[in-house]
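Visitor: I should like a close look at the salt bridges of this protein. Could you please guide me through that part and place it within the whole?

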Amino acid sequence: IYLSDDAIAELDERALADAGDYLKRTAQGLRAQGVTVAEDVRYGTARDELLLAAAQHDADMLLAATHGRGGLRRWAVGSVTTELVQRAACPVLVVPSDGRARQQRNGPATAESQDDVATTWL
C-alpha cells in the first residue's frame, strides 16, 4: 500500500485529534475526583515525550500501566514503563494492565493470551 504525503499527514492529524479527545474525556473524569491534570498531546517516541512532559509540567509523579509483555516480545517491543522507572526524575507508580490484574486475582488459568502473563522486570 502506498500513501501519499497528504494521506500520511491526514492520518497523523486524525491520530493526534483522537488522542486529544481521549485525554479530554479522561481528564474530565479525574478532575471530577479532585485530581489536578495537565493535558498534553505530543508526537514522538513515547518514553522520551513522557519524560520531557513530566519535566516541563514539573510532575510530582508519573502513573504508568504495564502490558506485562515478557520474553521475545518484550525484547522486540521494549518497555516504556521500564524506561520511565529508570530515567524519570519523579516517582513512577506502575499498575498492571487489566489482564495482569485479572491473572493476579484469579490465577494464570484466566489469562486470555500470552500477553497477559505477568513478568518480573524490576
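Guide: From the N terminus on, the elements of this predicted model follow the order α-α-β-α-α-β-α, which amounts to five helices and two strands. Of the 122 residues, 19% count as buried. Among contacts between residues at least 6 apart in sequence, 55% join residues at least 24 apart.

We now turn to the salt bridges. The whole structure holds six of them. One joins the side chains of Asp 48 and Arg 87, at 3.6 Å from N to O. Asp 48 belongs to helix H2 (residues 46–56) and Arg 87 to helix H4 (residues 80–87), so this pair ties together parts that are 39 residues apart in sequence. Asp 48 is partly exposed, with a relative accessible area of 35%, and Arg 87 is likewise partly exposed, at 46%. Other salt bridges share partners and thereby join Asp 40, Arg 42 and Glu 49 into one network. Within this network, the side chain of Arg 42 meets that of Asp 40 at 2.8 Å, N to O, and that of Glu 49 at 3.2 Å, N to O. Arg 42 is partly exposed, with a relative accessible area of 24%, and Asp 40 is also partly exposed, with 29%.

Charged residues appear in another setting as well. Asp 5, Asp 6, Glu 10 and Glu 13 form a negative surface patch. One of these residues, Glu 10, lies in helix H1 (residues 5–32). Glu 10 has a relative accessible area of 60% and therefore counts as exposed.

Definitions and conventions:
Residues numbered from 1 in each chain as written. Predicted model: local features only at pLDDT ≥ 70, side-chain atom pairs only at ≥ 80, totals over all residues. Heavy atoms only, no water. Patch = residues over 30% accessible without salt bridge, like charges linked within 9 Å, V, L, I, M, F, W, Y side chains within 5 Å. Areas by Shrake-Rupley, 256 points an atom, 1.4 Å probe, with all protein chains shown as cover. Salt bridge = Lys/Arg side-chain N within 4 Å of Asp/Glu carboxyl O. Lys, Arg positive; Asp, Glu negative; His and termini not counted. Charge placed at Lys NZ, Arg CZ, Asp CG, Glu CD. Helix = DSSP H or I, 4+ residues; strand = E, 2+ residues; numbered from the N terminus. Buried < 20%, exposed > 50% of the residue type's maximum accessible area, 1.4 Å probe, protein only. Contact = heavy atoms within 4.5 Å.
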